[in-house]
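Trainee: Could you go through this structure with me, starting wherever you like?
Mentor: Gladly; let us have it in front of us before we begin.

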Amino acid sequence: MKKIELRIAKEGDEKIINDFFDSLSGETRALFNRRDYNRRGIIKYLLKPDDTRRYYIFEEGGVMLGYVFLLDYDTTIPTLGIALRDEYQGKKLGEKMVSFLQEKMIEENKGGLQLTTHVANLRAQALYEKMGFVCMGVCKNGSELFYLWRYRK
C-alpha cells in the first residue's frame, strides 16, 4: 500500500468522488448511498461549504478509498457517516477513520458522535461496537439502528 492521505474534501475533488461512488457494489450502495443521497451531499458541500458539515477524504495515489462526514457539526454531538470502497472493507481502515474522528471530537470538546446504520449492515455494526458506540435502539423507520458514542472529559 502507498501512503494513505487523510484530508478535507475540497473543490476539484468531484472526479475522485464520483469515481468512488461509481465503484460501490450494489450492496454497499443499498446500505450506504440509497437514492444517491450521500454523493449529492458531498458534491453540494463542495459547491457551497458551510460550518455545519465536515467531509474528510482518505486517498491513496489519487484514488479515494473512503470518506467520513460529520453533519450537524455545530452541535455538541455531530452525526457521523463513513464509507469505504468495497475492496478496502475489512482491512482496518474503517477503524482508523472512526478513531480519527473520535480523537477530533475530544480535541474540539464535542460530547460524542451519533449515527444510524441499516439493520442489515452487520459489518458496520461490529465496527461501531468495537469502537465504543452503544446501540440505543431501532429508529422510527424500523430499518435503521441508532448508535451513540460519548466520552467523559
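**Charged pairs, cysteines and confidence**

Mentor: I would begin with arginine 39, which has a relative accessible area of 14% and is therefore buried (buried means under 20% relative accessible area, exposed over 50%, and partly exposed in between, with a 1.4 Å probe and protein chains only). This is a predicted model, in which local features need pLDDT of at least 70 and side-chain atom pairs count only at pLDDT 80 or more, whereas totals for chains, interfaces and linings use all residues. Residues are numbered from 1 along each chain as its sequence is written, and side-chain values use heavy atoms, with hydrogens and water left out.

Trainee: Which residue does arginine 39 form a salt bridge with?
Mentor: The partner is aspartate 36, with the closest N and O atoms 3.0 Å apart; a salt bridge here is a side-chain nitrogen of Lys or Arg within 4 Å of a carboxyl oxygen of Asp or Glu. Aspartate 36 is partly exposed, at 26% relative accessibility.

Trainee: And how many salt bridges does that rule give?
Mentor: The count comes to ten. Some of them share partners, and in this way Arg7, Lys10, Asp13 and Glu59 are joined into one network. Within it, aspartate 13 pairs with lysine 10 at 3.6 Å between the closest N and O atoms; aspartate 13 is buried, at 4% relative accessible area, while lysine 10 is partly exposed, at 46%.

Trainee: What about aspartate 19, what does its side chain meet?
Mentor: It meets the side chain of lysine 15 in a salt bridge, at 2.9 Å from N to O. Aspartate 19 and lysine 15 lie four residues apart in helix α1 (residues 14–23), so about one helical turn separates them. Helices (H or I, at least four residues) and strands (E, at least two) are DSSP runs, numbered from the N terminus. Lysine 15 is exposed, at 58% relative accessibility, whereas aspartate 19 is partly exposed, at 34%.

Trainee: Switching topic, how many disulfides are there?
Mentor: Zero, taking a disulfide as a pair of cysteine sulfur atoms within 2.5 Å. For cysteine 135, the closest cysteine sulfur is that of cysteine 139, 8.6 Å away, which is too far for a bond.

Trainee: Last one: where is confidence lowest, and where highest?
Mentor: It is lowest in helix α2 (residues 26–32), at a mean of 87, and highest in strand β6 (residues 134–138), at 97, on the pLDDT scale, the predictor's confidence in each residue from 0 to 100. The chain has a mean pLDDT of 92, with 99% of its residues reaching 70 or more.
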